[in-house]
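Subject: Model for your files

Hello,

Please find the structure below, with the sequence. My notes come after it.

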Amino acid sequence: MTKADNDIAALLEGRHGDPFSLLGMHQNEDGSLRVSAVFPGASEVVVLDTKTGRKVATLDQLDPRGFFEATVPRRKNSFAYRFSVTWEDGSASQEEDSYRFGTILGDTDAWLFGEGKHLRPYEFLGAHLRQIDGVEGVSFGVWAPNATRVSVIGDFNAWDGRRHPMRLRRECGVWELFIPALKVGAIYKFELRTRDGSIIQKADPYGFASELRPRTGSVVSGLPPQRKLPEVREEANGLRAPISVYEVHLGSWRRVPEEDGRYLTWQELTEQLIPYVKDLGFTHLELLPISEYPFDGSWGYQPIGMYAPTARFGDPKGFGAFVEAAHDAGLGVLLDWVPGHFPTDPHGLTRFDGTALYEHEDPREGYHPDWNTLIYNFGRNEVLNYLVGNALYWIERFGVDGLRVDAVASMLYRDYSRKSGEWLPNAFGGRENLEAIAFMRRMNEVLGEQCPGATTLAEESTAWPGVSRPTYDGGLGFHFKWNMGWMHDTLEYMRHEPIHRSYHHNQLTFGLMYAFSENFVLPLSHDEVVHGKGSLLAKMPGDAWQKFANLRAYYGFMWSHPGKKLLFMGGEFAQGREWSHDESLDWHQLDVDLHRGVQTLVRDLNALYQKTPALHERDFEPEGFCWLDMNNAEWSVLAFARFGLDEKTPVISVSNFTPEVREGYRIGVPREGSYREVLNTDATVYGGSNVGNKGEAIGTEPMAWGGQPCSIVVTLPPLATLILEYQG
């Protein structure tokens, strides 16, 4: 068997790693032109001159499995051509030849990608609609340096890996191919031959769209257009802005019961969710992960298609329109983003080219035992490109306001949730994941440089210093950090019966010991209302009335406390049962006055929060806060003052976490004058008993109290929070 025969056999058996050396148009030693092609199932293949449309050669079938080849008579200069193919069933078609087109990936892109410095690898990897030499089609690119052969397979070539093998760019390990005539909607995967000869099929890591689960193919979709973050959004995402976030799992916020409980589409979410959130006065929507994921029960936290908005709600254009509609309504959009781990599903990133490409080879570095997921190899340049590019992609191509980065602690520590002997120390013998730290800093620096006004938030549950401090100051570079300690302590406090709360008073006050060490968000997130934890309402003690009163008092305390706000859906109307990702929220509960009262309170708290600078301008500065009464553990009363940049107009928050009415309660205040009760969580409109100060101005008395120069005397309602505003 000759070398040519061996090459043909390797090609037809899916073993040939350099198809461009054999297929397409080549010059023979005598200067004549040779054209070779693979068309399994064809009976005749004719070469046509593209310019004239004339037949210039009929290819000989050199192998019955579909290899055709012939020398073109009387032609010595290369020319544009296409094939006229007659198939064994008698049908005919005209086909452009992928193997007549040159390289796609530019040298600069290849170099930057290999160096880990390419900010936007999604502009050439994945599937892209292109026109080359006047021919429209789709170019494909995939990083798989250790594969011996990679092909594009799909519904356009009967999923036959022999039809469209790719060219390897050895300088960067990227395989590329242009397939003419493909259009939006074509379904595809990559078929890879590994070094041990195994054949595997993978979805596109950079695919812009995916099939709806349980199908796992990638879908050709145009690269979304660039969207610049509006200037007004830059200000709305700032540290001094009022930020009140409504966290949403789109699949269970609301469903369509008339249609077997199907999910809402992006259009329906635009029409229903955005006006609802706007009406309640929230400033931002935070969506649980929408990158494509195979398992509904992961809520999106085990993504496989990092560049593809999930097909559960429609196509990528629908998501882009949703973000634009939110901005038009004055709402920001934050995405939960999961760079910490990925699932082991066979069509995903795991051992992508037969080797540990995106993950670590050693499970002590690359496997999460808690979640049965794999950890990215953050020290690998191409993985850095993939993740940093993905962060840019969502902001630049969909215009989202920012990313809430999931499970940061799991990335920071090599021994996260591991026993001794189950993890490897870093190069210096420590437990810190130095590569992950460098990745997060780079990601935040790149977003800061490329997307001014966009924001990042870290879900970080340890005492790691400087999470929300600039990288030049030794921090990780996030803008905000979730205050998990505050959430845990205050919810534990609220669980106690009021008679026992005096023994746990420090759980409400301790958060102010560190409140200004980071730029904190106070999160009542989805994690607190699932897995047997019960709803926020169910955590509250007492009878039905007291449960609602406790929750209202807690919300009043939270909205007046330093820190931005986040509330998971259902909490705004005190849903009674624990959240289930398989069911819609219990919207019928809004027919009950107590539930509707909580919703009204949240709306009023948001309105007051937005219009009152003292409640948001200095969330992260100790000068914006002052204790007025922090030691009355016996009566479970707390009082503090908040200040804006104009320190002359303080706001006073007073909480009574017992069911006892406290009449004639004296509170020291920082300024002489009068204070008016602007919100009382015990008001009738919220479902309360309407005890309080009737919204009337309360004048100060020249009696120093609690370290303050003067004081006021108020009535404290039972299980309630009062907010009073200085009137001058």
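The notes below cover the two largest pockets and one helix.

This is a predicted model, in which local features need pLDDT of at least 70 and side-chain atom pairs count only at pLDDT 80 or more, while totals for chains, interfaces and linings use all residues. Residues are numbered from 1 along each chain as its sequence is written, and side-chain values use heavy atoms, without hydrogens and water.

The largest pocket (an open set of points on a 1 Å grid where a 1.4 Å probe fits, with protein on both sides within 12 Å along at least five of seven lines; lining residues have an atom within 4 Å of a point) holds about 580 Å³ of space. Its lining counts 25 residues, with Trp-371, Asp-406, Glu-459, His-526 and Asp-527 nearest the centre. Helix 9 (408–412) gives the most, 3 residues. Helices here are DSSP runs of H or I, at least four residues, and strands are runs of E, at least two, numbered from the N terminus.

The second largest pocket has a volume of about 340 Å³. Of its 19 lining residues, Phe-39, Glu-95, Glu-96, Arg-163 and His-164 lie nearest its centre. Strand 8 supplies the largest share of that lining, 3 residues.

Helix 5 (residues 266–279) has 14 residues and reaches 19 Å from first C-alpha to last, close to the 20 Å expected at 1.5 Å times one less than the number of residues. Just after helix 5, Gly-281 has a positive phi of about 85°.

Regards

How values were computed:
Grid points are joined across faces, edges and corners, and a volume is the space filled by probe spheres set on the points.
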